[in-house]
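Student: Please choose a single part of this structure and take me through it closely, moving outwards from there to whatever surrounds it. I would like the cut-off behind each term as you use it.

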Amino acid sequence: MLGRYTTGPRQDCEAYQRGYDPTMGYGADAAARSGGVGRIDLRSDTVTHPTPAMRAAMSTAELGDDVFNDDPTVIALEARAAALLGKEAGLFVASGTMGNIVSVMAHVPRGGEIIVPAEGHIPNDEAANYAVAAGAGLRIVHENSDGEMPIDAVLEAIQDSSDPHSAITSLAVVENCHAHTFSRPITPTYMRALRAALQPRGIPIHVDGARLFNAVVALGVTPRELVAEADSATFCLSKGLAAPIGSVVVGSSDFIWKARRARKLLGGGMRQVGVLAAAGLVALSDGPDGTVARLAEDHANARMLAEGLAGMSGVLSPGYIAQPVGELLDPARVATNFVLFKVAGGADRRARFLGELEQRGVLMVAYPHGQIRAVTHYGITAAEITATLAAAAAALHATA
Ligand SMILES: Cc1ncc(COP(=O)(O)O)c(C=O)c1O
């Protein structure tokens, strides 16, 4: 059986989630592949290393014991995130996955049900944590090519809580950006419509905003505006924002208290973790060291990559909800830092193409629905996009 992110047999191993291919290997050379000199690593924006300003801040961070709630750097990061997103409180967590599961545990009672987009991270890529840790079920709604679950389908997905047969609908999740739609940003307009539909029914909204700041930059809105209609949101510091580790969850003080309890239950209470929060504070800072505004450069590089790829024979549309219309890759689908495409010739050629690329020092990954994913990020320059395009042309030629 094939895994969602693999071209090889699925294994119970986290490494497989990120594009393992048995013909390419993953283990011994993994370090070289993620940080290796001369590599152009487009597998994900998670491969970013901290900026010099982050490393400096980490080495001098004022620390405490965050489980006693007295690490000043963590407290400052949580306050900064809450203020930026317009919520009462924040909680620093180890990862985007932990941000989502503590949010689910805070919102959803055991046996409750969560409305999720079919291609979202929560239903597909979090090892069924909603079932295992929260005792919750999912109700899948098929999203459109902008990542939005149609409002009428969301309303239809709500269970009748007066019927003892039914689970109680307790949460709806929006993924912003939505990774499988070319990482397109979801707008405040959609959020307002979803809120108007759900608020009268007492159903809260959680935003899985692993790449929320990419959406903020692409849409030209404030983070506060983008999550104004959400009861909770989580965003990752360790993706495009370039911090090494961590995510922040925000919401009401009462919600964050419950999420903090859930984090402890999951073993996510950390001690002198201001060492990590310091990098996050740099990422969210307003000055030249902040890494939010520079995301525009990643978006421009992704567009440049897609435009170059689109002109190459053998490069096709990624299809499915990433690009439902047209046979050829449409660079206009790029809104943030993802480029999704297919190569003609199916799974076998895809594996050979990725292998040829790797031999030329460029890393991309196999993605679901026969796609290939390339993600731009801090550390990738326009010159490296030019080099990537030359490598892609050569890899297509070698596998034709
Ligand atoms: C949309 C989305 N949500 C959540 C996550 C989980 O983040 P983490 O890998 O930090 O657990 C990811 C990771 O890629 C993601 O893309």
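Tutor: Two residues are in contact if their C-beta atoms, placed from the backbone, lie within 7 Å. This is a predicted model, in which local features need pLDDT of at least 70 and side-chain atom pairs count only at pLDDT 80 or more, whereas totals for chains, interfaces and linings use all residues. Residues are numbered from 1 along each chain as its sequence is written.

The part I choose is helix 9, residues 212-219 (helices are DSSP runs of H or I of at least four residues, strands are runs of E of at least two, and both are numbered from the N terminus). Seven of its eight residues are buried, so helix 9 is largely enclosed by the rest of the structure (buried means that 20 or more other C-beta atoms lie within 10 Å of the residue's own, exposed that 12 or fewer do, and partly exposed in between). Those buried residues are Leu212, Phe213, Asn214, Ala215, Val216, Val217 and Ala218, and they pack against strand 6, helix 10 (223-226), strand 7 (232-236) and helix 13. After helix 9 comes glycine 220, which has a positive phi near 65°.

Of these neighbours, consider helix 13 (residues 295-310), whose axis comes within 9 Å of that of helix 9 and crosses it at roughly 80° (axes are fitted to C-alpha atoms over the stretch in contact, and angles run from 0 to 180 degrees between N-to-C directions). The two helices are therefore roughly perpendicular, the class for 65 to 115 degrees, with under 35 counted as roughly parallel, over 145 as roughly antiparallel and the rest as oblique. Where they meet, helix 9 contributes Phe213, Asn214, Val217 and Ala218, and helix 13 contributes Leu295, Ala296 and His299. That contact comprises five nonpolar and two polar residues and no charged ones (Ala, Val, Leu, Ile, Met, Phe, Trp, Tyr, Cys and Pro are nonpolar, Asp, Glu, Lys and Arg charged, and the others, Gly among them, polar).

On the strand side, strand 7 is likewise largely enclosed, because five of its five residues are buried: Ser232, Thr234 and Cys236 point one way, and Ala233 and Phe235 the other. Strand 7 is joined to strand 6 (residues 205-209) by four bridges in the parallel sense (two strands pair if DSSP finds at least two bridges between them), and histidine 206 stands opposite serine 232 there. Serine 232 also stands opposite glycine 251 in strand 8, a strand (residues 247-251) that runs antiparallel to strand 7 and is joined to it by five bridges.

Strand 6 also pairs with strand 5, again in parallel and over four bridges, with histidine 206 opposite valine 173. Strand 5 (residues 168-175) is mostly covered, seven of its eight residues being buried, and four bridges join it to strand 3 (residues 112-117), to which it runs parallel; here isoleucine 115 has alanine 172 as its bridge partner.

Finally, several of the residues around the ligand belong to this neighbourhood, including Glu175, Asp208, Cys236 and Ser247 (a residue is near the ligand if its C-beta atom, placed from the backbone, lies within 6 Å of it). The shell around the ligand as a whole divides into three nonpolar, six polar and two charged residues.
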